[in-house]
Amino acid sequence: MTEAVEYDVVVLGAGPVGENVADRARAAGLSVAVVESELVGGECSYWACIPSKALLRPALARAEARRVPGLSESARGPLDAAAVLAHRDYFTAHWKDDGQVGWLEGIGAVLHRGHGRLDGPKRVTVTDSDGAERVLTARHAVAVCTGSRAVLPGLPGIDGAGAWTSREATSSPTVPARLVVVGGGVVGMEMATAWRALGSEVTVLIRGDGPLPRLEPFVGELVTEALTEAGATVRTGVSVAAVERDGASGPVTAVLADGERIEADEILFATGRAPRTDDLGLKTVGLEPGSWLTVDDTCLVEGSDWLYAVGDVNHRALLTHQGKYQARMAGAAIAARAKGATVSASDAWSAHTATADHAAVPQVIFTDPEVAAVGLSLAEAEAAGHRVRAVDFDLSGVSGAALYADGYRGRARMVVDLDREILRGVTLAGPGVGELLHSATVAVVGEVPVDRLWHAVPSFPTISEIWLRLLETYRDQ
């Protein structure tokens, strides 16, 4: 006999997004079930944000130390790879989720281990590792928070070749002597930075003109320059046509479209992601298995009044912090609707709408140099029909940057809406700029007038003085 249990809300996926939906719904007094087939804490905690940044922090700290007089010579030696990997393992809790399970239970959510599938409206069937099934029904909402997965391209020879995706790249127990990285996006560039610093001979293969093409053009130029100086090889305008390997061990060969062969010990494909919706029972509610789920600004799935899709699965902004933001909005919307309130998805910047997904998505890329961006790039702002001006400044001209490191290299750009005199976007590239991003985010989200920004006085001598320099440049243009 199949066990059946009823809750106010059923959440599919216990990553950061699902955890935040559950937390917000529980805070409103709703009963919540959370279904997870892997580790509570999800991709970010064990195979993405946390382990990648644990690998990158020593690399970036050493790179910065090498630019500081009195410290530079002491930082010339290699990283202690074993210590770095152990540090990474500590931050992933050695791939055990006891602590996160405790947190989930502490908020009063009920965890169901197993694979959850929709089985008609407001109904979820959970199959555990022993094949036992139970049915969960939702009084108010089901939230799909299953995230996305890395996709390997359909190249000849790739099946069974042991190619890395982001999961293997962040969890490898050893440092490969030679690593080929295919792809110039965030994962590719961060992992090239980390493994090069740990001693790998790294070759990056990019099909397009350069890395990080969605950001301002100067970003890719600075990151390529630094990676090359660190000893990596970055090649653009090339594509991999096949992969050759005798089993999943031994050397692997990337065969390029022109026939050139590049041999390595491991090959990482960082070339795209797909939603984890292929085995989710979407057909039972009239949706296409394997598809991204289209939602409104409360994360309610198009055409539904009970099904929500939050985080990567809705393809709005594939970033953990943005998914958690969506979860806070969606959780609040679910709670309000459960209590009979009218919630409008068109009410911008309300307590229930993820408006920032359109106007102010922040992102930090932990390469050398760091990259921080929020809002629209110049090209995006122009494509959206805004009358804008790009205001640029060389970060090395800021006193705080010169003190931060000898030979500091970086650049900043703000995109000013000329009709409204507000900022549409800000991009910074340079050592230490990640911690400057939130001030830019506040300016963009708050639509702070340029005239008022003159009164936000940056402390001297800090890199944040870049704000004053950008305003001065805008005034003098």
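**Exercise 1. Find the residue just after helix H13 that takes a positive phi, and describe the buried face of H13.**

Step 1. Glu447, just after H13, has a positive phi of about 50°. Helices here are DSSP runs of H or I with at least four residues, strands are runs of E with at least two, and both are numbered from the N terminus. The model is a predicted one, in which local features need pLDDT of at least 70, side-chain atom pairs count only at pLDDT 80 or more, and totals for chains, interfaces and linings use all residues. Residues are numbered from 1 along each chain as its sequence is written, and side-chain values use heavy atoms, with hydrogens and water left out.

Step 2. Helix H13 covers residues 437–445, and its buried residues are Leu437, Ala440, Thr441, Ala443 and Val444. Buried means under 20% relative accessible area, exposed means over 50%, and partly exposed lies in between (1.4 Å probe, protein chains only).

Step 3. Seen down the axis of H13, these buried residues fall within an arc of 160°, so they line one face of the helix. The arc is that of the directions from the helix axis to the C-beta atoms.

Step 4. The elements that cover the buried residues of H13 include helix H10 (356–359), strand S17 (362–365), strand S18 (371–375), strand S21 (422–429), helix H14 (450–453) and helix H15 (466–476).

**Exercise 2. Determine which strands pair with S18, and in which sense.**

Step 1. S17 and S18 run antiparallel and are joined by 4 bridges. Two strands pair if DSSP finds at least two bridges between them. S17 and S18 form a hairpin with 5 residues between them, and Val364 stands opposite Ala372 in S18.

Step 2. S18 also pairs with S21, in the antiparallel sense, over 5 bridges. In this pair Val374 stands opposite Val426 in S21.

Step 3. Of the 5 residues of S18, 4 are buried, so S18 is largely enclosed by the rest of the structure.

**Exercise 3. State whether Arg424, Ser377 and Ala379 are buried or exposed, and place each in the structure.**

Step 1. Arg424 lies in strand S21 and is buried, with a relative accessible area of 17%. Beyond its neighbours within four places in sequence, Arg424 is in contact (heavy atoms within 4.5 Å) with Ala359, Val374, Gly375, Leu376, His386, Val388, Val415, Asp417 and Val444. From C-alpha to C-alpha, Arg424 and Ala381 are 7.1 Å apart in space, and they are 43 residues apart in sequence.

Step 2. Ser377 lies in the loop between S18 and H11. Ser377 is buried, at a relative accessible area of 9%. Not counting residues up to four places away in sequence, Ser377 touches Arg214, Glu216 and Val415.

Step 3. Ala379 sits in helix H11 (residues 378–383) and is exposed, with a relative accessible area of 52%. The C-alpha atoms of Ala379 and Leu215 are separated by 9.1 Å, although the two residues are 164 residues apart along the chain.

**Exercise 4. Describe the sheet that contains S11, S12 and S13, then the faces of strand S14.**

Step 1. The 3 strands form an open antiparallel sheet in the order S11-S12-S13. The edge strands, S11 (240–245) and S13 (261–264), each pair on one side only.

Step 2. Strand S12 (residues 252–256) pairs with S13 over 4 bridges in the antiparallel sense, and Val255 has Arg261 in S13 as its bridge partner.

Step 3. In strand S14 (residues 266–269), Glu266 and Leu268 on one side and Ile267 and Phe269 on the other are all buried, and both faces are covered. In a regular strand the side chains alternate between the two faces of the sheet.

Step 4. Strand S8 (residues 178–182) and S14 pair in the parallel sense over 4 bridges, with Val182 opposite Phe269 in S14.

**Exercise 5. Find which helix supplies the largest share of the lining of the second largest pocket.**

Step 1. Helix H3 (49–65), helix H7 (186–197) and helix H8 (217–229) each supply at least two residues of this pocket's lining. A pocket is an open set of points on a 1 Å grid over the protein atoms alone, with protein on both sides within 12 Å along at least five of seven lines, where a cavity is a set of points where a 1.4 Å probe fits but cannot get out; lining residues have an atom within 4 Å of a point.

Step 2. The largest share, 5 residues, comes from H8. Of the 22 lining residues, Ala63, Arg67, Ala226, Ala230 and Asp368 are the closest to the centre of the second largest pocket.
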